[in-house]
Amino acid sequence: PEDGRVKKARAFIGETLRGDGAYLFGRDPQKGGIITLGSHVPKGGRSGQLSRTIIRKVLTDKRALLVTDAMRDDRFSSNESVMRHNIHAVICAPLALYEGNEAALYLAGDDPAISLTEQELELVAAMADQMGLALAHIASKLRRREYMLSAVRMLLRVADGNQPGIMARN
């Protein structure tokens, strides 16, 4: 679950850095495919073209990646979607999440005149680390809340006993 802090962080990255959009991707726990968890495209910007190949590499390697021009990068230039979508500059960084969940923050730059830098890579990687910690904290709070609610439900069932007409509350 994404809360306001994560949305603000993604918006900050999308508005501050020179990309065409900031995206949050995760791996579908049931099917294993890449799913979009959220996006932010600055006002007046266009939705960036995305490379799931780059996202998969970042999730597999668990390392942030700077691609200054995907169409000229030997690692990605042979990929059909990179060529078809004219993907240029990309920064993608994994989030440190809990229990084996996987997510990545992706900054797309479609304008070939703009190149992203190592400093921007470091900033996005640091933001991804912080977003991962925030999401892990939120998940922990939700698990703790669910545990407490289940304990209260159990206590209500015990308190209700076998008395007819009295039902446990949710």
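The questions and answers below go through a predicted model, beginning with its sheet and ending with one residue.

Biologist: In what order do the 5 strands of the open sheet stand?

Modeller: The pairing in this open sheet is antiparallel. Strand S2 (34-40) and strand S3 (65-67) each have a single partner strand, so they stand at the edges, with one side of each left without a neighbour in the sheet. Read from one edge to the other, the order is S2-S1-S5-S4-S3.

Biologist: How many bridges join strand S1 to strand S5?

Modeller: Strand S1 covers residues 21-27 and strand S5 covers residues 103-109, and the two run antiparallel. Within this pair, Gly26 stands opposite Ala103 in S5. The number of bridges joining S1 to S5 is 6.

Biologist: Which helix packs on the sheet, and what angle does its direction make with that of S4?

Modeller: The helix is H4 (residues 118-160), which touches S1, S3, strand S4 (89-94) and S5. H4 has 43 residues and reaches 62 Å from its first C-alpha to its last, close to the 63 Å expected at 1.5 Å a residue. Its buried residues include Leu121, Val124 and Met127. The direction of helix H4 makes an angle with that of S4 of about 30°.

Biologist: Is Ala89 buried or exposed?

Modeller: Ala89 has its place in strand S4, and, leaving aside its neighbours within four places in sequence, it is in contact with residues including Val67, Leu107 and Ile114. Because a residue counts as buried under 20% relative accessible area, the value of 1% for Ala89 makes this residue buried.

Conventions
Residues numbered from 1 in each chain as written. Predicted model: local features only at pLDDT ≥ 70, side-chain atom pairs only at ≥ 80, totals over all residues. Heavy atoms only, no water. Pairing = 2+ DSSP bridges. Helix = DSSP H or I, 4+ residues; strand = E, 2+ residues; numbered from the N terminus. Contact = heavy atoms within 4.5 Å. Axes fitted to C-alpha atoms, helices over the stretch in contact; angles between N-to-C directions. Expected span 1.5 Å × (residues − 1). Buried < 20%, exposed > 50% of the residue type's maximum accessible area, 1.4 Å probe, protein only.
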